[in-house]
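The following exercises are to be worked from the sequence and the coordinates. Each task is followed by a solution in steps.

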Amino acid sequence: MTADVWLPIPPDEIEGLPDGPVYRFWNGAEEFPADPADCVYYVVPYMKPAGVGVRPMPSMRSVQVVQTLSAGTDHVEPGLKHLPEGVRLCNARGVHEASTAELTLTLILASLRGVPDFVRAQDRGSGSAGSAPRWPTRTS
């Protein structure tokens, strides 16, 4: 038996992984990279259809940690009943906060600058020069 760590990113693309465990790449493919019974640390594939991430769980008899890459754990909860008692379930709360805030601000600015109208005009084959700021106006 080996101490496998299943990762949804190829291990050679992750800097700083400690020596010791056997790293296995599995991103939800039909075939498992190794026997799930040897997995001790499982990082659930990110943004996969329902049921993909829980598929190996009934066979994970040695798992000690299940790590999601999302703030929620709803998508793995159906598989938790199959895991040994005492398995630690970790989420990624806070990981996406900065990128979500940046995206929100970008979409607000794009909307204020009229980008959606420019895109629709481009789809119609008509364009207009310049920009169309839509700053909120104050009426007194």
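**Exercise 1.** Is Met47 buried or exposed?

*Solution.* The model is predicted. Step 1: locate the residue. Met47 sits in the loop between E3 and E4. Step 2: take its relative accessible area, which is 69%. Step 3: apply the cut-off, by which exposed means over 50%. Met47 is therefore exposed, at 69%. Step 4: check the backbone. The phi angle of Met47 is positive, about 55 degrees, although Met47 is not a glycine.

**Exercise 2.** Describe the fold of the protein chain in terms of its elements and its overall dimensions.

*Solution.* Step 1: count the elements. The protein chain has three helices and five strands. Step 2: put them in order. Starting at the N terminus, the sequence of elements is β-β-β-β-α-β-α-α. Step 3: compare the radius of gyration with the globule rule. The protein chain has 23 Å, whereas a compact globule of 140 residues would have a value near 14 Å. Step 4: take the box along the principal axes. The C-alpha atoms fill roughly 70 × 35 × 30 Å. Step 5: turn to burial and surface. Of the 140 residues, 25% count as buried. The exposed area of the protein chain is about 9,600 Å², and carbon and sulfur atoms supply 55% of it. Step 6: examine the range of the contacts. Among those between residues at least 6 apart in sequence, 39% join residues at least 24 apart.

**Exercise 3.** Find the salt bridges and state where the partners lie.

*Solution.* Step 1: recall the principle. Side chains of opposite charge can pair when their charged atoms come close. Step 2: apply the cut-off, a side-chain nitrogen of Lys or Arg within 4 Å of a carboxyl oxygen of Asp or Glu. The count comes to two salt bridges.

Step 3: take the pair Asp4 and Arg24, whose closest N and O atoms are 3.3 Å apart. Asp4 belongs to strand E1 (residues 4–7) and Arg24 to strand E2 (residues 22–25), so the pair ties together parts that are 20 residues apart in sequence. Asp4 counts as buried, because its relative accessibility is 0%. Arg24, at 25%, counts as partly exposed.

Step 4: take the pair Asp117 and Arg120, with an N to O distance of 2.9 Å. Both residues lie in helix H3 (residues 115–124), three residues apart, which is about one turn of the helix. Asp117 is partly exposed at 28%, and Arg120 is partly exposed at 45%.

Step 5: look at the charges of the whole chain. The mean positions of the 12 positive and 16 negative charges are 13 Å apart.

**Exercise 4.** Which residues does Leu7 contact, leaving aside neighbours within four places in sequence?

*Solution.* Step 1: place the residue. Leu7 is in strand E1. Step 2: assign its burial. The relative accessible area of Leu7 is 8%, so Leu7 is buried. Step 3: list the contacts beyond four places in sequence. They are Ile14, Leu17, Tyr23, Arg24, Phe25, Trp26 and Val43. Step 4: add a distance. Leu7 and Pro56 are 49 residues apart in sequence, and their C-alpha atoms are 13 Å apart.

**Exercise 5.** Work out the surroundings of His75 and Ser70.

*Solution.* Step 1: place both residues. His75 lies in the loop between strand E4 (65–67) and helix H1 (77–80), and Ser70 is in the loop between E4 and H1. Step 2: assign burial. His75 is partly exposed at 39%, whereas Ser70 is buried at 18%. Step 3: list the contacts, not counting residues up to four places away in sequence. His75 contacts Val44, Val54, Thr68 and Ser70. Ser70 touches Tyr46, His75, Asn91, Ala92, Arg93 and His96. Step 4: add a distance. The C-alpha atoms of His75 and Arg55 are separated by 11 Å, with their positions 20 residues apart along the chain.

**Exercise 6.** How many Å apart in space are Gln64 and Ser111, C-alpha to C-alpha?

*Solution.* Step 1: place Gln64, which is in the loop between strand E3 (39–43) and E4. Step 2: take the separation. Gln64 and Ser111 are 46 Å apart, C-alpha to C-alpha, and 47 residues apart in sequence. Step 3: list what Gln64 touches beyond four places in sequence: Val40, Gly86, Val87 and Arg88.

Methods. Residues are numbered from 1 along each chain as its sequence is written. This is a predicted model: local features need pLDDT of at least 70, side-chain atom pairs count only at pLDDT 80 or more; totals for chains, interfaces and linings use all residues. Side-chain values use heavy atoms; hydrogens and water are left out. Helices (H or I, at least four residues) and strands (E, at least two) are DSSP runs, numbered from the N terminus. The radius of gyration is taken over C-alpha atoms; the globule rule is 2.2 Å times the number of residues to the power 0.38. Buried means under 20% relative accessible area, exposed over 50%, partly exposed in between (1.4 Å probe, protein chains only). Contact means heavy atoms within 4.5 Å. Accessible areas come from the Shrake-Rupley method with a 1.4 Å probe; for residues, only the protein chains shown count as cover. Lys and Arg count as positive and Asp and Glu as negative; His and the chain ends are not counted. The place of a charge is taken as NZ of Lys, CZ of Arg, CG of Asp or CD of Glu.
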